[in-house]
Structure formats: structure tokens, C-alpha cells
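This report is for a reader who has not met the structure before. Please look through the sequence and the model first, then read on.

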Amino acid sequence: MDKAINTKGIHSLRVRISFLLVLAALLIASAISFVALGLFTVHTRASHLKIAKGVAMLASQAIDADSIEAYKKDGKTVPGYAETFERLKSLHQNIPDIEYLYAYQIREDGCHVIFDTDSENSDYGVDDLIEFDPTFLPYVPDLLEGNEIEPLESNDQYGWLLTYYHPVFNSKGECACYVGVDISMNLLRTYRLTFLLRTIILSFLIAILIVGIGLWISTKFLVNPINRISHHAISFMKQNGNLDGMSQCVTKIKSLDVRTGDEVENLYISFSNMTENTVRNIMHINHMQQERLLMMKKYNEELEKKVEERTKELRLANQKAENLLLNILPKDIAYELTEHPDRTIAKNYPDVTVLFTDIVGFTKMSGKMTAKNVVAMLNLLVSRFDERAKLEGIEKIKTIGDAYMAACGLTETPSGNEAVRMVKFARGLISDVEAFNRRFKTSLQIRIGINSGNLVAGVIGKTKFIYDIWGDTVNVASRMESTGFPMKIHVSEATYLHTKDTFSYGEEVDVEVKGKGQMKTYLL
């Protein structure tokens, strides 16, 4: 299932880019602010340290190091002490950043006060002892040796101070005392807050500018091109295989002409090529489908033609088979045999007229002829008989040598004039023989016997089957033929009774019939 396209603004690329730009600007502004604050602090501290060193140098020059021991012994009454104190105090008062200015002699037992310009420490006298602060102990060894130590920074009850100790050496090169300068860093805290606020404001202004420029650049070179590509992609997708609509979309996509010189332009080029190739492929597929449909149509037409031809051939073959079957069997029997090939076919018919005929002296005649001529002669004569039987509705049963057997009335619903039709057929057979003799200059003669009555008809065998009739009626018809006269129609009394009103017969002829005795017969 295809996923729905997200068109909600809260998830748009512009919103995400704006969020990222604002976040980046905040991080950058914060970083700039704190870096600037750090640099400002370092610069301010270095500036204060420089002041402290300068003051310490001036103070050390004002102190007479060779008189330190005298100051400790006799105190402030030593000549020059008061003048030195005033110079140090003036130096302290004229430089506002100095919180404390003093001179201490460092000994193992603590700090011995030499000068202290702080009015709050006026109770201290010369050579008064101040114990070491625990945080100060690590620096005592270096101070005892007269070494210069790193500036100290403290933040305690005296405030945030930057302390610098400068050794004062006597004429012997010994460290007589240290000038200590404490510069207050409290204003730095205020300066830092003010500087941080200004830096933050400036950074945020710069961040806003960056965000604006970033949004403009991203909108112009990223968001807008992608939105246009997305819009046309949605339009292209909605065509659902409509080639005309897809082709129009491809034209519009090419008209976008996105030129950003980066990945967006590559995306546009790839998308444009993809849509164009998609349309081309669909057109190719449609063309192939049309060709395939034409081929299938042609193939179907050829197949239908072949099927029609085969059907026609099959119909003709079936017709030939049916005709062949009808040449062998009566129509009703042929139908029943076709529909029920496994069923035994045998029926009783109450009133059928049977005809037998053969050629007089055929056996003697055939002995003087070649087999080919015998067959040719029989074929011509029997074919004439068959044509007449077909025309007059007579059912040919079979031929045995020169004998021809036929019947009339082998139907479920006989018409009642079967005997009359058979006699007419017999007279036609005599006419056919006479015409055959005239044409081929022969002197053939036939005997014809006819009888009417009930009989049984059926099909015998599964291969090379034969339709035949049985019964006394058939036997009597055969006797009528064998006891008849050349070119005469010899009928039984039963046939006579059916046809006497139609044909004029001669006198009654009594004939001895095997199995029947004397029978009344008639000649026509």
C-alpha cells in the first residue's frame, strides 16, 4: 500500500531548517559570548596584574631595604619611615584599583608587618606578626628564599583579590621584605556581567542575521526547488499511467530549470531524467503491448481460420462417415448405432417387402471373363440399382456375388404402400438391365422375387459390422427369386394382395417352396 504524502507545515523542510539554524545560532552565540567573556577576563586580569607589578616596583623603590631591621627595632620613629609610609599611602590612594598596599618581611613564624597603608589595619604596628593563612603555606618556602612567586588570586572575606608579591633586596642582595599589592577584582564581576550582556545581545543580533540569511539561502536554493520538484512529482504520480498527462508533467518539470550547483540540482536532474525515462518506457511498453495485441489478433484470426478449416474438414469427414454409414444402414439404425454404439440393435418389423434379384447364368458367364471385367460389369449394374433404390426410397440390404437384396418398410411408421413401391422398383431394375444391354451390347437377364411380411432386422458384429434381415419373409422372397423366370417379377401371394389393385398380374402359378409346400404366386 502506498504511503500518503505528508503536506503538514509542522513537518516542512523550512520549519526544520529554521529550527536547526536557530539552534545553531544559539549555540554559536553562546559559544562566542563565553569565549569573549573568557578572553575579556584574561585580558582584564593581565591588565590588573600589570598595574600591580608597576605599583610593586614603585613601592619597592620607595622603601630603603637597608633600614628594615631598624624599622623593626625602633618602629615608626626611625628617620625616613614616615616619609616612606606617606609615599606608599599616596601611591595607594592615587591608584583606585589597589585595594591593599603593604610591605611584609616573611619569616618562618609568619609575616612581620613593615608597612601597611590600609586604614583598617592601623592597629598593626611595625614588626607585628600575622600568621600564615593555610592557603598561603605552599608559597612560604619560595618566599623565604627571596624568590618571586606567581600572582595569587583569592575570593574570601576580603573580596576578590589579585595579589602580587615583589621582593625588596638590600645592598647585600638579601631579601629584606616583600611588597604586596592587592588589586580588587570585584569590579571585574560587574564588568563581566555587562560585557556578557552586551556580547549576548550582539551575538544574538548576529545570530538573527545568520538565521535570516540562512533562511533566505535555504529557501531560495533548497526549500523552494524541492517544493517545486515535490509539487510536480505529486502531479506526475496522480496521472496513473495517463501518457498525455505524464508528458505534460515532464515538460513542466523541464521548465523548472533548477540551477543551484549542488546536490539539489543533481536531484532535480535525476528526477527529470527519471520521469522522462518513465514516460519513454511506458510508451515502449504500450507499443509492445499493441504489437503483441496485433500479433495475438492475427494469431487468433489464423487460429480461427484453421479451426474453421478443421471444423469444415471434420464436418465433411463426419458427413462422409454418415453418408457411408447411411449407405450401409437405414437412417434410424445408423442414428441408433451412433448414439448407442454398445447397445445390441435388433428390431421387429410387422410389414416389410423384401426383394431378391440375381443375374441369370452369371456363374457360367463369369468363367469366360477376366476378374477385372466381372467386377467392372457388376459395379456398373449394381451402381445403377443403387441409384434407383436411393431415388425410390428403397433400402439396399446387401449384395452377395451377383445377387442383390433390398427391402422397403424398415421404419417405425410404415406408409402402407411399401409393396407397391418395391414392385415399381423391380420393374425399374428390369428397365436398367435392358438399358445396360443396349449400351454395352450384352444380353444380361435377371430374375426378381418379392415377398411381404414380418421380419427381424439388426446389426451384427463390432468390426466390419453388417446390417441384415432375418425371418420367413426373407426366405420366401429368396425362393420367389430362385423359382422365377428371366426378366419377370415373381411375387408371393402376400405381395400380390398388397399390389393387385395397382398392377395387372398374370394367372396364378402354384410353386413348391421348400419348407412351405405349395404356394400361390404371381408373375408380372
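A disulfide is a pair of cysteine sulfur atoms within 2.5 Å. The model shown here is predicted, and by this cut-off it holds 0 disulfides. Cys175 serves as an example: the cysteine sulfur closest to its own is that of Cys177, and because the two are 6.8 Å apart, they are too far from each other for a bond. Another cysteine, Cys408, is buried, with a relative accessible area of 3%. Cys408 returns below as a contact of Met422.

## Nonpolar cores

In soluble globular proteins, nonpolar side chains tend to be buried together. The largest nonpolar core in this model has 33 residues. Leu355, Met422, Phe425, Ile446, Ile448 and Ile450 are the members with the most contacts inside this core. Several elements supply at least two residues each: strand S7 (346–359), helix H10 (371–392), strand S9 (403–408), helix H11, strand S10 (446–460) and strand S12 (489–492). Helix H11 gives the largest share, 9 residues.

Met422 shows how parts of the chain meet here. Not counting residues up to four places away in sequence, Met422 touches Thr353, Leu355, Ile394, Ala406, Ala407, Cys408 and Ile450. Apart from the largest core lies another, of 30 residues, and Tyr164, Ala176, Val181 and Met185 are among them.

## Helices H11 and H12

Helix H11 covers residues 418–440, which is 23 residues. From its first C-alpha to its last, H11 reaches 32 Å, close to the 33 Å expected at 1.5 Å a residue. Lys441 follows H11 and has its place in the loop between H11 and S10.

Which residues of helix H12 (residues 472–482) are buried? They are Thr473, Val474, Val476, Ala477, Met480 and Glu481. Seen down the axis of H12, these buried residues fall within an arc of 165 degrees, so they line one face of the helix. An α-helix has 3.6 residues a turn, so residues three or four places apart point the same way.

Val476 of this group is also in contact with Met519, a residue found in strand S14 (residues 517–523). Leaving aside neighbours within four places in sequence, the other contacts of Met519 are Val509, Asp510, Val511 and Val513. Met519 is buried, with a relative accessible area of 19%; the cut-off for buried is under 20%. Met519 and Glu508 are 11 residues apart in sequence, and their C-alpha atoms are 9.8 Å apart in space.

## Aromatic rings

A pair of aromatic rings is described by the distance of the centres and the angle of the planes. Across the whole structure, a search finds 13 aromatic pairs. In the pair of Tyr81 and Phe115, the ring centres are 4.5 Å apart and the planes are at 15 degrees, so the pair is stacked. This pair links distant parts of the chain, since Tyr81 is in helix H3 (residues 81–94) and Phe115 is in strand S2 (residues 110–116), 34 residues apart. Tyr81 is buried, with a relative accessible area of 4%, and Phe115 counts as buried at 0%.

Ring pairs also link Tyr102, Tyr104, Phe132, Phe136, Tyr139 and Tyr165 into a cluster.

## Residues in loops and a strand

Asp127 is not a glycine, yet its phi is positive, at about 70 degrees. Lys441 is likewise not a glycine and has a positive phi of about 55 degrees. Asp127 is found in the loop between S2 and strand S3 (129–130). Is Lys441 buried or exposed? With a relative accessible area of 72%, Lys441 is exposed.

Ser154 has its place in strand S4 (residues 152–156). Outside the four places on either side in sequence, Ser154 is in contact with Gly159, Trp160 and Leu161. The C-alpha atoms of Ser154 and Arg280 are separated by 81 Å, and the two residues are 126 residues apart along the chain.

The table lists the accessibility of three residues from this section.

| Residue | Relative accessible area | Class |
|---|---|---|
| Asp127 | Asp127: 26% | partly exposed |
| Lys441 | Lys441: 72% | exposed |
| Ser154 | Ser154: 26% | partly exposed |

How values were computed:
Residues are numbered from 1 along each chain as its sequence is written. This is a predicted model: local features need pLDDT of at least 70, side-chain atom pairs count only at pLDDT 80 or more; totals for chains, interfaces and linings use all residues. Side-chain values use heavy atoms; hydrogens and water are left out. Rings of Phe, Tyr and Trp (its six-membered ring) pair if their centres lie within 6.5 Å; planes under 30 degrees apart count as stacked, over 60 as edge-to-face and the rest as tilted. Helices (H or I, at least four residues) and strands (E, at least two) are DSSP runs, numbered from the N terminus. Buried means under 20% relative accessible area, exposed over 50%, partly exposed in between (1.4 Å probe, protein chains only). The expected span of a helix is 1.5 Å times one less than its number of residues. A nonpolar core is a set of buried Ala, Val, Leu, Ile, Met, Phe, Trp, Tyr and Cys residues joined through side-chain atoms within 4.5 Å. Contact means heavy atoms within 4.5 Å. The arc is that of the directions from the helix axis to the C-beta atoms.
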